[in-house]
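Me: I'd like to go through this fold with you and check the labels people put on it. Can you tell me what each one rests on?

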Amino acid sequence: MDFFRNRAILFFAFLLFVFKVFPQDTLQTVIARQGDGIYSLLRKQGIDPTKHYREFIELNRESLGVDDQLLVDKAYRIPSVKVDSLTVVDSIQKISKDLKPVDGVEYSIFGPEHSLVLNVSDKLEGAVYYLVSGHGGPDPGAVEQYDGKIIAEDEYAYDVTLRLAKELLANGAKVYIIVRDPDDGIRDQMALEIDRDEVVYPNEVIPLNQLSRLEQRVEVVNELYKEHTGHYQRLIVTHVDSRSEGTNIDVFFYYHEDSKNGQRLAENIHKTFHDKYATYQPNRDYLGTFSDRSNLYLVKKTLPAMVYIELGNIRNKKDQKRILDPENRQALAKWIAEGVMLDFDTK
């Protein structure tokens, strides 16, 4: 109980800090550092970025770079957050009353800094998801140079997949992460280190031969699917594309031409991305598509209704901003999860 009491005390101190730092009649400025995005900058100031993102943009429009990127060492104005003392006291009383011994579950696969998954909702209770990130093990996929380092597409597909898994678990789903790394976890760096130690669930070595790798994943997914007969089940495959350097693409989706459920899943995630772009990037159109692509091995051979997602082109500089920035990878995972929940709600 001392642990939870201390949490309440720390939260109280945090709220008092917010109240003190952001008086109602002034705007504080903060300096953007290397690696900061708007979401992370606002979170560091105790401000919910989902509520104040647009306000931040309006306050700092002339100081932002391309695609609303923060400029390193630039000062940015922070939206004022009004908090009165009665609200603080009421919040602390509610927190003290509602704290329970178990408010989440630890999953070591997400790494030490991200292992705790809080119980957000039961929206996906009864749903089973199989998540497959592209390549892995002996196959890094496409490689590219960034800031003097070699980066590989499998590391970024895997990071987004882990973030997606965490979002689904937080909302009550049962999740199988098919391609797994024993020690990477969710990472918050731009340039992710390359390794070759990924395995396939539960702990199978990934073969060198490409067809054998695909067959291995299909077999695992299909066996799990049979074990969960009668449940709502979906497969989500994530890849990072590797077209020519000059090709800039939006996130797009494939499904099996004979699967109505797969098509609906792709449509719902696509709709979510379309709506998000309209909100957060209103000055440009979202050009991502969804279409059938039944000749892809995983699309053709797996049993669950599925969507195959291409996150961007690792060779393209604009797409690299979407893929390499950890804030953007989190946004990708969250938007996919929202589309998944929309699909489950309308099943």
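Me: How many bridges join strand β6 to strand β7, and do they run parallel or antiparallel?
Reply: There are 4 bridges between β6 (residues 143-146) and β7 (residues 149-152), and the two run antiparallel. Two strands count as paired if DSSP finds at least two bridges between them, so β6 and β7 with their 4 bridges qualify. One of the pairs is Gln-145 with Ile-150 in β7. Before we go on: this is a predicted model, with local features needing pLDDT of at least 70 and side-chain atom pairs pLDDT 80 or more, while totals for chains, interfaces and linings use all residues. Residues are numbered from 1 along each chain as its sequence is written, and side-chain values use heavy atoms, leaving out hydrogens and water.

Me: What do β6 and β7 form, and which residue in the turn has a positive phi?
Reply: They form a hairpin with 2 residues between them, and Asp-147 in the turn has a positive phi of about 55 degrees. The names come from DSSP runs numbered from the N terminus: helices are H or I with at least four residues, strands are E with at least two.

Me: Why are β8 and β14 described as standing at the edges?
Reply: The open sheet has 6 strands in the order β8-β5-β12-β15-β13-β14, with mixed pairing. β8 (174-177) and β14 (290-292) each have a single partner strand, so one side of each has no neighbour in the sheet. Neighbouring strands here are turned by 25 degrees against each other on average, ignoring direction.

Me: How do you know that β5 and β12 pair, and in which sense?
Reply: β5 (residues 127-133) and β12 (residues 232-241) share 7 bridges in the parallel sense. Ala-127, for instance, has Tyr-232 in β12 as its bridge partner. Helix α5 (residues 153-170) packs on this sheet, touching β5, β8, β12 and β15 (305-313). Helix α10 (residues 326-345) packs on the sheet too, touching β5, β12 and β15.

Me: What makes α5 oblique to α10?
Reply: They pack at an angle of about 50 degrees, with their axes 8 Å apart. Axes are lines fitted to C-alpha atoms, for helices over the stretch in contact, and angles between N-to-C directions run from 0 to 180 degrees. Under 35 degrees counts as roughly parallel, over 145 as roughly antiparallel, 65 to 115 as roughly perpendicular and the rest as oblique. So α5 comes out oblique to α10.

Me: Then why are α9 and α10 called roughly perpendicular?
Reply: The axes of α9 (residues 317-324) and α10 come within 5 Å and cross at roughly 75 degrees. That falls in the perpendicular range, so the label fits. Contact means heavy atoms within 4.5 Å, and Lys-321, Arg-322, Ile-323 and Leu-324 in α9 meet Pro-326, Asn-328, Arg-329 and Leu-332 in α10.

Me: Why does Asn-60 get its label, buried or exposed?
Reply: Buried means under 20% relative accessible area, exposed over 50%, partly exposed in between, using a 1.4 Å probe and protein chains only. Asn-60 has 3%, so it is buried. The residue lies in helix α3 (residues 49-60). Leaving aside neighbours within four places in sequence, Asn-60 is in contact with Tyr-76 and Arg-77.

Me: What about the sheet with β9, which strands stand at its edges?
Reply: That open sheet has 3 strands in the order β9-β10-β11, with antiparallel pairing. β9 (179-180) and β11 (204-205) have a single partner strand each, so they stand at the edges. β10 (residues 199-200) and β11 are joined by 2 bridges, and Val-200 stands opposite Glu-204 in β11.
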